[in-house]
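Work through these exercises with the sequence and the structure open. Try each task before reading its solution.

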Amino acid sequence: MTRVLFAAKPKTWAEYRAPLTAALAETGVTAEIVTLDDATDPATVDWIVYAPNSALQDFVPYTALKGCLCLWAGIEDVEGNRTLTAPLTRMVDTNLTRGMVEWVTGHVLRHHLGMDAHVVNPDRRWDGTPPPVATDRPVAVLGLGVLGAACARNLAELGFPVTGWSRRPKEIPGVRSVTGDDGLRDALSGARIVVLLTPHTRSTENLMNARTLGWMQRSAVLLNPGRGALIDDEALLAALDGHLGHATLDTFRVEPLPQDHPFWSHPRVTVTPHIASATRPASAARVIADNIRRGEAGMPMRHVVDRTEALA
């Protein structure tokens, strides 16, 4: 029998117990699921289903481990852990992707159409100036992984001229691909709306800093549904007090965002509470179960993380 350790907080286990048990049964995997609270010999664990906020940090005792399957799309809290030598997979789930596409598209359209001025209009101003059409509003998507590519593709289908920036060139219909420092400057300087969806790595820490924010156009908008550490908070606040038009932020360095953080009160900032996309237990459990099935059958697992940079 395959033994699966569910390494996450009790609340998460309560949400996943039934769907994960059912999903494993549906794939034909006979499995025993245990938690960190169970008295289980680590050497008997075949698979770990892992949430990065788990108490498990030392993987050395798990000598028979075949794979660590992350519940989240973000894996920066575990990918650099040198005690983990088994393959690590990232959560790629249709509903997670769909949620991100909907959040990004909604806020791009919100800023593109200038909806804030109509939703909150205490002076009852009647300004009949129409917004430009999508073809006249360039958008940059920084990060063209699964989520970034899906968002870029959807925006391009709506007619926005989309430039995507990534570590390596990508071929996405309707999306212009750029790379490197010159490509980043090109993407930022040419866009009216910028979407941050790069992973958080050593090379993307404070990606949006005083220098790169300075490349953005006057009155441009920044959306960050990616990772809080992609932005230098102080540099962003300074840019918002200067040339930037608005920042809509969904992720932060500290969450929940402290009540006294200046983002809450800044007139050019919208805070959303890390809701751009979430892992849904029913569909995510099927993704996890399928990867365990593949691994048990000797097949390649899906969405294995390249940890070269994180472990360098």
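**Exercise 1. Backbone outliers**

Where is the place of serine 219?

Solution. Serine 219 sits in the loop between helix H6 (210–214) and strand S10 (221–224). Helices (H or I, at least four residues) and strands (E, at least two) are DSSP runs, numbered from the N terminus. This is a predicted model, in which local features need pLDDT of at least 70, side-chain atom pairs count only at pLDDT 80 or more, and totals for chains, interfaces and linings use all residues. Residues are numbered from 1 along each chain as its sequence is written, and side-chain values use heavy atoms, with hydrogens and water left out.

Next, check the backbone angle. Serine 219 is not a glycine, yet its phi is positive, about 70°. Most residues other than glycine have a negative phi, and most peptide bonds are trans. Then check exposure. Serine 219 is partly exposed, with a relative accessible area of 42%. The cut-offs are: buried under 20% relative accessible area, exposed over 50%, partly exposed in between (1.4 Å probe, protein chains only).

Now take histidine 274. Its phi is near 50°, again positive in a residue other than glycine. Histidine 274 is in the loop between strand S12 (269–271) and H9. Its relative accessible area is 36%, so histidine 274 is partly exposed.

Finish with the peptide bond. Glutamate 255 and proline 256 are joined by a cis peptide bond, with omega about -5°. Proline 256 lies in the loop between strand S11 (246–249) and helix H8 (262–265).

**Exercise 2. Salt bridges**

Task: find how arginine 3 and glutamate 32 are joined.

Solution. Start with the criterion: a salt bridge is a side-chain nitrogen of Lys or Arg within 4 Å of a carboxyl oxygen of Asp or Glu. The structure holds 12 of them. Arginine 3 and glutamate 32 form one, with the closest N and O atoms 2.8 Å apart. The pair links distant parts of the chain: arginine 3 is in strand S1 (residues 2–7) and glutamate 32 in strand S2 (residues 31–35), 29 residues apart. Arginine 3 is partly exposed at 21% relative accessible area. Glutamate 32 is partly exposed at 30%.

Repeat for arginine 176 and aspartate 186. Their side chains meet in a salt bridge at 2.5 Å, N to O. Arginine 176 is in strand S8 (residues 175–178) and aspartate 186 in helix H5 (residues 180–190), 10 residues apart. Arginine 176 is partly exposed, at 43%. Aspartate 186 is also partly exposed, at 32%.

Then take arginine 302 and aspartate 290, whose salt bridge spans 3.4 Å, N to O. Arginine 302 lies in the loop between helix H9 (281–296) and helix H10 (308–311), and aspartate 290 lies in helix H9, so the pair ties together parts 12 residues apart in sequence. Last, look for shared partners. Asp46, Lys66 and Glu296 are joined into one network by salt bridges that share partners.

**Exercise 3. The cavity**

Which residues line the largest cavity?

Solution. First, the term. On a 1 Å grid over the protein atoms alone, a cavity is a set of points where a 1.4 Å probe fits but cannot get out, and a pocket is an open set with protein on both sides within 12 Å along at least five of seven lines; lining residues have an atom within 4 Å of a point. Grid points are joined across faces, edges and corners, and a volume is the space filled by probe spheres set on the points.

Second, count and size. The structure holds one cavity of 30 Å³ or more. The largest cavity has about 40 Å³ of space.

Third, read off the lining: Asn224, Gly228, Ile231, Asp233, Leu249, Thr251, Phe252, Arg253, Leu257, His261 and Phe263. By class, that lining has five nonpolar, four polar and two charged residues. Here Ala, Val, Leu, Ile, Met, Phe, Trp, Tyr, Cys and Pro count as nonpolar, Asp, Glu, Lys and Arg as charged, and the others, Gly among them, as polar.

**Exercise 4. Two loop residues**

Is phenylalanine 59 buried or exposed?

Solution. Locate phenylalanine 59 in the loop between strand S3 (47–50) and strand S4 (67–70). Its relative accessible area is 3%, so phenylalanine 59 is buried. Contrast proline 173, in the loop between strand S7 (162–165) and S8. Proline 173 is exposed, with a relative accessible area of 64%.
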